[in-house]
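Welcome, and thanks for taking a look at this one with us. Please have the sequence and the 3D view open side by side while you read.

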Amino acid sequence: SQGRIGEKRRVKTSASEWSEMSSIQEDDEENEDETRQLLSHLAASLRDKVTQVQAASDEEDLRLFAKLCRYFNGKHHLEEIMYYENITRSQLLTILDKFGEVVITCTHAEVDV
């Protein structure tokens, strides 16, 4: 909990608590490195925008988004993405919605072959 301005607080921690706190800090640093690695294929400016999206704080959502980025070039149908990534329409639409600040969706007229 946060103290009031000017209020001094003393915190006592045991060796095991220090160890646990250190472990949590290491996990956070590893997660940041992993996030950078997941998004390394994106341009730095786009990577910064993606990490600012609220959904990026959810590791699972960020992983799925990073995995799907290669399809976000306007050349892939939703059904194709669903098939190749073995995800449901609901999962795909949810990710597109959550990262809507950085993804533009478009509809193309169906072309007869």
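The briefing below goes from the overall fold to the core, the helix packing, the salt bridges and one unusual loop residue.

This is a predicted model. The protein chain holds 5 helices and 0 strands, and 20% of its 113 residues are buried. Two residues make good guides for a tour: phenylalanine 99, which sits in the segment after H5, and glutamate 85, which forms salt bridges with lysine 67 and with arginine 70.

**Overall fold**

- Reading along the sequence gives the pattern α-α-α-α-α, in keeping with a count of 5 helices and 0 strands.
- Among contacts in the protein chain with a separation of 6 or more, 46% are between residues 24 or more positions apart.

**The nonpolar core**

- In soluble globular proteins, nonpolar side chains tend to be buried together.
- The largest nonpolar core here has 21 residues, and the members that touch the most others are Val50, Phe65, Leu68, Leu92 and Phe99.
- Which elements give two or more residues to this core? They are H3, H4 and H5, and H3 gives the most, with 5 residues.
- Leucine 68 is one of the core members that touch the most others. Setting aside residues up to four places away in sequence, leucine 68 touches Ile81, Glu85, Ile87, Leu92 and Ile95.

**Phenylalanine 99, after the last helix**

- Is phenylalanine 99 buried or exposed? Its relative accessibility is 0%, so phenylalanine 99 counts as buried.
- Where does phenylalanine 99 lie along the chain? Its place is in the segment after H5.
- Beyond its neighbours within four places in sequence, phenylalanine 99 is in contact with Val50, Val53, Ala55, Ala56, Asp61, Leu62 and Phe65.
- Valine 50 is a good partner to display: the two C-alpha atoms of phenylalanine 99 and valine 50 are 7.5 Å apart, while the residues are 49 apart in sequence. Both Val50 and Phe99 are among the core residues that touch the most other members.

**How H3 packs on H5**

- The axes of H3 and H5 are 10 Å apart, and the helices pack at an angle of about 95 degrees.
- Angles of 65 to 115 degrees count as roughly perpendicular, and H3 and H5 are therefore roughly perpendicular to each other.
- On the H3 side the contact involves Asp61, Leu64, Phe65 and Leu68, and on the H5 side Leu92, Ile95 and Lys98.
- The residues of this contact divide into 5 nonpolar, no polar and 2 charged.

**Salt bridges**

- Side chains of opposite charge can pair when their charged atoms come close. How many salt bridges does a search of the whole structure find? The search finds 5.
- Aspartate 61 and lysine 98 meet through their side chains in a salt bridge, with an N to O distance of 2.7 Å. This pair links distant parts of the chain, 37 residues apart, with aspartate 61 in helix H3 and lysine 98 in helix H5.
- The two partners have these accessibilities: aspartate 61 is at 12% and so counts as buried, whereas lysine 98 is at 34% and counts as partly exposed.
- Lysine 67 and glutamate 85 form another salt bridge, with their closest N and O atoms 3.4 Å apart. Lysine 67 is in helix H3 and glutamate 85 is in helix H4, so this pair ties together parts that are 18 residues apart in sequence.
- Arginine 70 also forms a salt bridge with glutamate 85, where the closest N and O atoms are 2.6 Å apart. Arginine 70 belongs to the loop between H3 and H4, so its pairing with glutamate 85 in helix H4 ties together parts 15 residues apart in sequence.
- Lys67, Arg70 and Glu85 are thus linked in a network of salt bridges.
- Within this network, glutamate 85 is buried, with a relative accessible area of 8%. Lysine 67 is partly exposed at 43% relative accessibility, and arginine 70 is exposed at 55%.

**A loop residue with positive phi**

- Asparagine 86 lies in the loop between helix H4 (78-85) and helix H5 (89-98).
- Asparagine 86 is not a glycine, yet its phi is positive, at about 50 degrees.
- Why does asparagine 86 count as exposed? Exposed means over 50% relative accessible area, and asparagine 86 is at 70% relative accessibility.

Definitions and conventions. Residues numbered from 1 in each chain as written. Predicted model: local features only at pLDDT ≥ 70, side-chain atom pairs only at ≥ 80, totals over all residues. Heavy atoms only, no water. Helix = DSSP H or I, 4+ residues; strand = E, 2+ residues; numbered from the N terminus. Buried < 20%, exposed > 50% of the residue type's maximum accessible area, 1.4 Å probe, protein only. Salt bridge = Lys/Arg side-chain N within 4 Å of Asp/Glu carboxyl O. Core = buried A, V, L, I, M, F, W, Y, C linked by side-chain atoms within 4.5 Å. Contact = heavy atoms within 4.5 Å. Axes fitted to C-alpha atoms, helices over the stretch in contact; angles between N-to-C directions. Parallel < 35°, antiparallel > 145°, perpendicular 65-115°, else oblique. Nonpolar A, V, L, I, M, F, W, Y, C, P; charged D, E, K, R; others polar.
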